[in-house]
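Biologist: Before I rely on any label attached to this chain, I would like to hear the reasoning behind it. Could you take me through it, one term at a time?

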Amino acid sequence: LLTRNSSAYSNVVSKEDEVDRLYFLVSRQVFLALSNSSLLSELGLTPSDCLYYFKVVSCLEKMGDDLVKASAYLNSTTGVDERFLKKVKEFNDLCCSMHSRAFNSFFDRDVKTALSVLNDARSLVQKHVLLEKKLSNEAFQIGVALDSLHRIGLLAIEVAEVVVDRG
């Protein structure tokens, strides 16, 4: 973000292609498992497990799309106040932290960590609103990127909710 590293942007785009392939793979596997009860029991899954996995991989795929969008706009910004960009980076760091903790809580079945992600929801919204208010003097690209980062945080909240729901 702050260094305008175009190779990092290219890396984000290539990783997003891998996330898309993962989404399609998991989607096919979930469909197969749900339509074949012997496969479902062989895998040691329940139908609700399949739905949880599908929900989480759907969130991951949407996050990838938003990350590419945010990266593209942030990579193309020029002439934006460095102090403002640092605040955008702090917002990005919050979204990344929420994302990491949400997915770790899913894989570890850690409800406590999932609840910490849910507790960050208020901070996510407040920081987004504050940045949007300061945006009037900044580039349009930053606004689109902020919205994409905000959606990543909201999707992390959805993953955390899955963890809490499955207990």
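Modeller: Let us begin with a helix and its length: this is a predicted model, and in it the 27 residues of α7, counted at 1.5 Å a residue, should span 39 Å, while the end C-alpha atoms of α7 are 40 Å apart, which agrees.

Biologist: What follows α7 in the chain?

Modeller: Gly167 comes after α7, and its phi is positive, near 65°.

Biologist: How do you know that the span of α6 agrees with its number of residues?

Modeller: The 14 residues of α6 should span 20 Å at 1.5 Å a residue, and its end C-alpha atoms are 20 Å apart, so the two values agree.

Biologist: Why is α6 called roughly antiparallel to α7?

Modeller: The axes of α6, residues 121-134, and α7, residues 140-166, come within 10 Å and cross at roughly 175°. Angles over 145 degrees count as roughly antiparallel, and therefore α6 is given that label with respect to α7. On the α6 side the contact includes Leu124, Val125, His128 and Leu131, and on the α7 side it includes Leu146, His150, Leu154 and Ile157. The residues of this contact divide into 7 nonpolar, 4 polar and 2 charged.

Biologist: What makes the buried residues of α6 line one face of the helix?

Modeller: The buried residues in α6 are Leu124, His128 and Leu131. Seen down the axis of α6, they fall within an arc of 70°, so they line one face. The background is that an α-helix has 3.6 residues a turn, so residues three or four places apart point the same way. These buried residues pack against α4, residues 82-108, and against α7, whereas Arg122 and Lys133, on the other side of α6, are exposed.

Biologist: Why is Ser105 counted as buried?

Modeller: Buried means under 20% relative accessible area, and Ser105, at 0% relative accessibility, therefore counts as buried. Ser105 is found in helix α4, and, leaving aside residues up to four places away in sequence, it touches Asp110, Thr113, Ala114 and Val163.

Biologist: What makes the phi of Arg109 worth a remark?

Modeller: Most residues other than glycine have a negative phi. Arg109 is not a glycine, and yet its phi is positive, about 55°. Arg109 is found in the loop between α4 and α5, the latter being residues 111-119, and because its relative accessibility is 45%, it counts as partly exposed.

Biologist: How do you know that Phe54 counts as partly exposed?

Modeller: Partly exposed lies between the limits of 20% and 50%, and Phe54, at 31% relative accessibility, therefore belongs there. Phe54 lies in helix α3, residues 47-75, and it touches Tyr23, Ser27 and Val30, not counting residues up to four places away in sequence. The C-alpha atoms of Phe54 and Phe107, which are 53 residues apart along the chain, are separated by 14 Å.

Biologist: What does the secondary structure of the chain come to, and how much of the chain counts as buried?

Modeller: The secondary structure comes to 7 helices and 0 strands, and of the 167 residues 38% count as buried. Along its principal axes the C-alpha trace spans about 60 × 30 × 20 Å. Among contacts between residues at least 6 apart in sequence, 82% join residues at least 24 apart.

Technical notes. Residues are numbered from 1 along each chain as its sequence is written. This is a predicted model: local features need pLDDT of at least 70, side-chain atom pairs count only at pLDDT 80 or more; totals for chains, interfaces and linings use all residues. Side-chain values use heavy atoms; hydrogens and water are left out. Axes are lines fitted to C-alpha atoms, for helices over the stretch in contact, and angles run from 0 to 180 degrees between N-to-C directions. Helices (H or I, at least four residues) and strands (E, at least two) are DSSP runs, numbered from the N terminus. Angles under 35 degrees count as roughly parallel, over 145 as roughly antiparallel, 65 to 115 as roughly perpendicular and the rest as oblique. Contact means heavy atoms within 4.5 Å. Ala, Val, Leu, Ile, Met, Phe, Trp, Tyr, Cys and Pro count as nonpolar, Asp, Glu, Lys and Arg as charged, and the others, Gly among them, as polar. The expected span of a helix is 1.5 Å times one less than its number of residues. Buried means under 20% relative accessible area, exposed over 50%, partly exposed in between (1.4 Å probe, protein chains only). The arc is that of the directions from the helix axis to the C-beta atoms.
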